[in-house]
Amino acid sequence: MSETKIQVTYSYLTDVWQSYGGQEQRRCLRSVPRRTISYEYTSMNSSEAQWLRAQLRKKQNNFEFIPMWHDVAYLSEDFLGGKSMYIDPEYMIGFHNCDAIEIFAHDDVMHHEGINITKKVKKYENNIIHLKTVLDKNLNKKNTWILPLIRCSVQTPLSSSYIYSNGTNIKMVYEDIGYKPPFDINSQYYEQYNYLVDGFNRYNLPPSYNGRQVFLNTPQWLDDDSLTLKVSKNVNKLDNDTGIFKYDLKNTNSYDTHEITVLLRNKRMINNIIKFFTKVKGQFKSFYCPSWANDFNLAQSIKKGSNYIYTDLSETYRYYMENGRNKKIVVFTNDWKSYIFDISAYTYEKIDDKKYGKLLLGSSSSVNIPVKNVRMVSFFNLVRLDSDEMQINYESNIAATVQLSMKEVDDA
């Protein structure tokens, strides 16, 4: 049997009340996210296929220990027997609320049969796992896997497909029952970000702005349309279906919803996205995020001390002036810097008989930004997640993708 695909879903529960004018009040109803893990299995021989189909008949109220195949941990040094195992700190997050582990070791070179041992954990001390009983084995850090064992229940409904008469395909879905042992890993492993990732946040965006987090991951353009935009209006259509219809404008704002696909190319990025989701608690907390699109083409350089920006699109004011929200922009430059500005108004100006769009800024620029040094100008939106669920699709234990939808909000 082999795992062909792994998906892990984290889910919160948020009540959202929206006022007539568009303001939201939100209440978080789940203090910690629920977690479901799905593994796809394929078997081509009859005995394994029969065992897989038998899993469909498990009692629903029982739990079992499930290896977290996506959370493989590695030794930081060779284990020479005893009760203390030193783990690479980058992989400690998988042992959150875990009191049992499974150890796999195999040596193809020395033709050892290898081991598969389950051990109970006594406690964690920084990046050290202290076992309850002695493990009388030598383990090489290069060929040893440590898997957290988490108490889970099988989710229904379950189904399988036959591969002729002897084979089976099945997707097993497990839900973490939320067991909390009397000890846990240090909170730094599941609370603090680790941004020491090559090429991450290349434009040096601030981790927080106006007291809110900033989403620092960029779209990876796995496909040509890895980033999408939907614009909604806070409006009612009054229509009697047989004649005249009218629009009741609750406010003049438009609301951007961006859907972004992010490539998580190492364990740190996977851990960071999980930490981000738990900090904003699904739809509950708002945060800032660039649109990561070229929303304005600069027509002239931005001069130090000026409080305006000229754009190529002279009709900008027609589409944005009536928007009741003072949006923000972020200017990304070729020397990997970013500058955030408030937009206070939209207008236009004629210069040498040519008409330009003009963005009036909330404050004067503190730097000169030559137009040739500008990579793009994006909206810097205040958003919340548009779903209480986040699904991570694992390609391996150190590579995954996630798709997030971010809805613009009017939070004060």
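The exercises below, each with a worked solution, concern a predicted model of one protein.

**Exercise 1. Overall description**

State how many helices and strands the protein has, and what share of its residues counts as buried.

*Solution.* Begin with secondary structure: the protein has four helices and 24 strands. Turn next to the extent of the chain, whose C-alpha trace spans about 85 × 60 × 40 Å along the principal axes. Then consider burial: 45% of the 412 residues count as buried. Finally, examine the contacts with a separation of 6 or more; residues 24 or more positions apart account for 74% of them.

**Exercise 2. The nonpolar cores**

Identify the residues with the most contacts inside the largest nonpolar core, and list the contacts of Phe215.

*Solution.* The largest nonpolar core comprises 79 residues, and those with the most contacts inside it are Met85, Phe95, Ile101, Phe215 and Ile392. Helix α3 gives the most to this core, with seven residues. Now take Phe215 and set aside its neighbours within four places in sequence. Its partners are then Ile260, Val262, Ile273, Phe276, Phe287, Tyr288, Cys289, Pro290, Leu404 and Met406. A second, separate core contains 16 residues, including Ile302, Ile329, Val331 and Val377.

**Exercise 3. The largest cavity**

Determine which residues line the largest cavity and how they divide by class.

*Solution.* The model has four cavities of 30 Å³ or more, and the volume of the largest cavity is about 90 Å³. Its lining consists of Tyr193, Tyr195, Phe200, Val214, Phe215, Leu216, Asn217, Met269, Asn272, Ile273 and Phe276. By class, nine of these are nonpolar, two are polar and none is charged. Phe215 therefore deserves comparison with Exercise 2: Phe215 lines this cavity and is also listed among the core residues with the most contacts. Two further lining residues, Ile273 and Phe276, are in contact with Phe215.

**Exercise 4. The two largest pockets**

Give the volume and the lining of the largest pocket and of the second largest pocket.

*Solution.* Start with the largest pocket, which holds about 740 Å³ of space. Of its 29 lining residues, Val32, Pro33, His96, Asn97 and Thr278 lie nearest its centre. The elements giving two or more residues to this lining are β4 (34–43), α2 (188–191) and α3 (267–280). The largest share, seven residues, comes from α3. Sorted by class, the lining has 12 nonpolar, seven polar and 10 charged residues.

Proceed to the second largest pocket, with a volume of about 350 Å³. It is lined by 18 residues, of which Arg202, Tyr203, Thr218, Pro219 and Trp292 lie nearest its centre. This lining divides into 10 nonpolar, five polar and three charged residues.

**Exercise 5. The buried residues of α1**

Explain why the buried residues of α1 line one face of the helix.

*Solution.* First, name the residues: in α1 (residues 46–54), Ala49, Leu52 and Arg53 are buried. Seen down the axis of α1, the buried residues fall within an arc of 95 degrees, so they line one face of the helix. The general rule is that an α-helix has 3.6 residues a turn, so residues three or four places apart point the same way. Lastly, identify the packing partners: the buried residues of α1 pack against β4, β11 (160–163) and β12 (167–176).

**Exercise 6. The setting of Asp224**

Decide whether Asp224 is buried or exposed, and locate it in the chain.

*Solution.* Asp224 belongs to the loop between β14 (212–213) and β15 (227–239). Its relative accessible area is 80%; exposed means over 50%, so Asp224 is exposed. As for distance, Asp256 is 32 residues from Asp224 along the chain, and their C-alpha atoms are separated by 20 Å.

Definitions and conventions:
Residues are numbered from 1 along each chain as its sequence is written. This is a predicted model: local features need pLDDT of at least 70, side-chain atom pairs count only at pLDDT 80 or more; totals for chains, interfaces and linings use all residues. Side-chain values use heavy atoms; hydrogens and water are left out. On a 1 Å grid over the protein atoms alone, a cavity is a set of points where a 1.4 Å probe fits but cannot get out, and a pocket is an open set with protein on both sides within 12 Å along at least five of seven lines; lining residues have an atom within 4 Å of a point. Grid points are joined across faces, edges and corners, and a volume is the space filled by probe spheres set on the points. Ala, Val, Leu, Ile, Met, Phe, Trp, Tyr, Cys and Pro count as nonpolar, Asp, Glu, Lys and Arg as charged, and the others, Gly among them, as polar. A nonpolar core is a set of buried Ala, Val, Leu, Ile, Met, Phe, Trp, Tyr and Cys residues joined through side-chain atoms within 4.5 Å. Buried means under 20% relative accessible area, exposed over 50%, partly exposed in between (1.4 Å probe, protein chains only). Contact means heavy atoms within 4.5 Å. The arc is that of the directions from the helix axis to the C-beta atoms.
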